[in-house]
Amino acid sequence: AEWHKEFGCIERTERLDLPTWEEWQKDDEFDFLDKDGFSWDTYITGDNEIIMANGWKHFTFENNKEGYFLACRKAKELFLGEEE
């Protein structure tokens, strides 16, 4: 009973707090973990594209406000486990 009380049901709450477009313009990089715990790196390439990658999968977006919003929507899907 003592084991289960301390180690049987450990909960963790995670938040995804993405930078605003204005913050992105200053830093142009963010990382997050998806629902399955995989780390995603998001950055701008030399070709001026936004890349979101985790080692086996990647997504490419235009480096403009609309592309950044699409990248954030994809990050939200991945974080919540809605991506197929």
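Me: Before we start, what makes a patch?
Reply: Patches are made of residues with over 30% relative accessible area and no salt bridge (a side-chain nitrogen of Lys or Arg within 4 Å of a carboxyl oxygen of Asp or Glu); nonpolar side chains (Val, Leu, Ile, Met, Phe, Trp, Tyr) are joined within 5 Å, like charges within 9 Å. Here, Trp 3, Phe 7 and Ile 10 make a nonpolar one of about 400 Å². Keep in mind that this is a predicted model, where local features need pLDDT of at least 70 and side-chain atom pairs count only at 80 or more, while totals for chains, interfaces and linings use all residues. Residues are numbered from 1 along each chain as its sequence is written, and side-chain values use heavy atoms, leaving out hydrogens and water.

Me: Why is Phe 7 called partly exposed?
Reply: Buried means under 20% relative accessible area and exposed means over 50%, with partly exposed in between (1.4 Å probe, protein chains only). Phe 7 has 39% relative accessibility, so partly exposed is the label.

Me: And what makes Ile 10 exposed?
Reply: Ile 10 has a relative accessible area of 66%, so exposed it is.

Me: How do you know which residues of α3 line one face of the helix?
Reply: The buried ones include Gly 67, Tyr 68, Ala 71 and Leu 78. Looking down the axis of α3, the buried residues fall within an arc of 160° (taken from the directions from the axis to the C-beta atoms), so they line one face.

Me: What is on the other side of α3?
Reply: Glu 66 and Arg 73 are exposed there.

Note on methods. Accessible areas come from the Shrake-Rupley method with a 1.4 Å probe; for residues, only the protein chains shown count as cover. Helices (H or I, at least four residues) and strands (E, at least two) are DSSP runs, numbered from the N terminus.
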